[in-house]
Amino acid sequence: MENTNTEENDLATASEETAKSIKAIDRTTVHRICSGQVVLTLATAVKELVENSIDAGATSVEVRLKDHAISLLEVCDNGKGVEEDDFEGLSKNHDQV
C-alpha cells in the first residue's frame, strides 16, 4: 500500500511540474497557424470572415446571406480594412502562394 501512495505522489508531482512548464502560444503564432486554414464549408467561411473583422478592430459586424449564401455572402464591419497593396494576395489560390 505504501508503495502505491509513494508512486501516486511521484506521478502527481511530475504532473504538476509538467503543467507548470507548459506555456501558452502567443497571438502571432496562433494567427500564423490558423491563417492557412482551408475553407470547406459555409460555416467556416463565415467564421473566418467574422474573425477577420474582429482582427481588423471592428466593433460592429453584420453578416448578410441571400439564398442560403448561394447568391450572396457579405460581411460588413467598421474595421480598419485591407491595404490596397494586399488586394492581390487575397485572391490567390492555395497553389499560387
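Arg64 is partly exposed, with a relative accessible area of 34%, where "partly exposed" covers the range between buried, under 20% relative accessible area, and exposed, over 50%, as found with a 1.4 Å probe on protein chains only. The model is a predicted one, in which local features need a pLDDT of at least 70 and side-chain atom pairs count only at pLDDT 80 or more, while totals for chains, interfaces and linings use all residues. Residues are numbered from 1 along each chain as its sequence is written, and side-chain values use heavy atoms, with hydrogens and water left out.

**The hairpin**

Strand β1 takes in residues 61-66 and strand β2 residues 72-77, and the two pair in the antiparallel sense over 6 bridges. Strands here are DSSP runs of E with at least two residues, helices are runs of H or I with at least four residues, and both are numbered from the N terminus; two strands count as paired if DSSP finds at least two bridges between them. Along this pairing, Val61 stands opposite Asp77 in β2, and Leu65 stands opposite Leu73 in β2. The hairpin has 5 residues between the strands, and Asp67 takes a positive phi near 55 degrees there. In a regular strand the side chains alternate between the two faces of the sheet.

**Salt bridges**

The structure holds 4 salt bridges, a salt bridge being a side-chain nitrogen of Lys or Arg within 4 Å of a carboxyl oxygen of Asp or Glu. Three of the pairs, including two that involve Arg64, are set out below.

| Pair | N to O distance |
|---|---|
| Arg64 and Glu62 | 2.9 Å |
| Glu74 and Arg64 | 2.6 Å |
| Glu51 and Lys47 | 3.3 Å |

Arg64 thus meets Glu74 in a salt bridge. Because Glu74 lies in strand β2 and Arg64 in strand β1, this pair ties together parts that are 10 residues apart in sequence. Both carboxyl partners of Arg64 can be described in terms of their accessibility as well: Glu74 counts as partly exposed at 27% relative accessibility, and Glu62 counts as partly exposed at 41%.

**The helix**

Another salt bridge, between Glu51 and Lys47, belongs to helix α3, which spans residues 42-55, and the two residues lie 4 residues apart there, about one turn of the helix. Glu51 is partly exposed, with a relative accessible area of 35%, and Lys47 is also partly exposed, at 37% relative accessibility. These two residues do not stand alone, since Lys47, Glu48 and Glu51 are linked in a network of salt bridges.
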